[in-house]
Amino acid sequence: MPKKFWSFRNSAYGTGAELLLYGDISNSTWWGDEVTPKQFADDLSALGAVSEITVRINSGGGDVFAAQAIGNLLEQHAATVTARIDGLCASAATIIACHCNKVIAANDSTYMVHPVKIGVFGYVDEIRLKEYTEALDAIRESILSLYIKKTGRTKEELDGWMDATSWWTSVEAKENGFVDELTDDGEENVVENRNGMLFINSVSMNLPFDKAPKFVQNSLAAARAAGSLSNKAAAGTPQNSEEEKSMEIKTVDDLRKAYPELVDQIEQAAEQKSANEERQRIQDIEEMAMPGTEVMTAEAKFTKPLSASDYAKAAMKQIKNQGAEMLNSLQEDADGSGMNHVAHQHPQDSAEDTIMNAIKTAGKKA
């Protein structure tokens, strides 16, 4: 499977989960792909019975089929799904946002809709070109239906916006019905510098703090200018406050909340190491297996697992016992047949000697 462009995390607030969509929505098409959509569905299902999912978006779009699959899976989920536009929500990313129950945009974020496009490679004839056009029309209609449902605007108005490739500020996107709230309307984003790494609302962006995206830098600059930067809990260098002390990592759960991605990486590495060791154990046992140890070998591999060294000891003991039992059995068979009481002819006696001895014996008896 191609490298995943999505990342699920446990919410830092313990009320649900977060889905991070930063960058392109898939680097290859999901049309006809059975693996990648299933992997996303499995990752979503693995969250369990969460009540809330926050989808954080900073994306210029990508594959329409990927966006439609993700959007529909999120819409069908039992949780309340909220999209938070942290920077850019454009093209296919708007499809995912429109499938969410609520869309909240940062005040300096950007929204963009445009006509559907398709990549064509090589030469095509009239029939194939017509098929492409029909496909574009069908995709466009499905997106328009979604936009109409989200915004309540007319098809004609939305048609015009798409054809014009419309770029909007968050305020304009809200006026046009694509955004429900701005961050000023409710909870503000909390930008943090945790040991030099950028966190937004306690979610790691996997970026050094000094490499924060432009929209974050603009927010910080505006906060400094307004003198309100100190209102953000942990922006800049962490302070030795009661709040910081309460964030100390004392348990595994604390570590997972503070660094969910790191914990996931550690767990995945441990699982991979365990799987590799298990494969090697079974391979070693199979290479040492000998005829007559089939039952014990199967048990050692699966039902009664043994290490390769323990298996080797057990196998040698069984083979030794089988050898002793075979010798005892042969001895008992020989005793029962009477073969042990049969006189043996001396190997040096010839047939002629045997006849002569018989004649001499007969003469003595006469």
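**Exercise 1. How many helices and strands does the protein chain have?**

Solution. Start with a tally. This is a predicted model, and its protein chain has 13 helices and eleven strands. Next, look at burial: 34% of the 366 residues count as buried. Then turn to the contacts with a separation of 6 or more: residues 24 or more positions apart account for 61% of them.

**Exercise 2. Find which residues touch the most other members of the largest nonpolar core, and which helix gives the most to it.**

Solution. Begin with the core itself, which has 49 residues. Within it, V55, Y111 and F178 touch the most other members. Helix α3, residues 92-99, gives the most to this core, with six residues. Now zoom in on V55. Skip its neighbours within four places in sequence, and V55 is in contact with L19, L21, L74, V81, T82, A83, R84, I96 and C100. Finally, don't miss the second, separate core: it has five residues, including M296, A300, Y311 and A315.

**Exercise 3. Work out whether α3 and α4 are parallel, perpendicular or oblique to each other, and describe their contact.**

Solution. First, get the geometry: α3 and helix α4 (residues 126-151) pack at an angle of about 45°, with their axes 10 Å apart. Roughly parallel needs an angle under 35 degrees and roughly perpendicular 65 to 115, so α3 and α4 are oblique to each other. For handedness, α3 passes α4 in a left-handed crossing. Now pick out the residues: α3 brings T94, I95, C98 and H99, while α4 brings I143, L146, Y147 and K150. Sorted by class, the contact of α3 with α4 has five nonpolar, two polar and one charged residues.

How values were computed. Residues numbered from 1 in each chain as written. Predicted model: local features only at pLDDT ≥ 70, side-chain atom pairs only at ≥ 80, totals over all residues. Heavy atoms only, no water. Core = buried A, V, L, I, M, F, W, Y, C linked by side-chain atoms within 4.5 Å. Buried < 20%, exposed > 50% of the residue type's maximum accessible area, 1.4 Å probe, protein only. Helix = DSSP H or I, 4+ residues; strand = E, 2+ residues; numbered from the N terminus. Contact = heavy atoms within 4.5 Å. Axes fitted to C-alpha atoms, helices over the stretch in contact; angles between N-to-C directions. Parallel < 35°, antiparallel > 145°, perpendicular 65-115°, else oblique. Left-handed = near helix turned anticlockwise from the far one by under 90°. Nonpolar A, V, L, I, M, F, W, Y, C, P; charged D, E, K, R; others polar.
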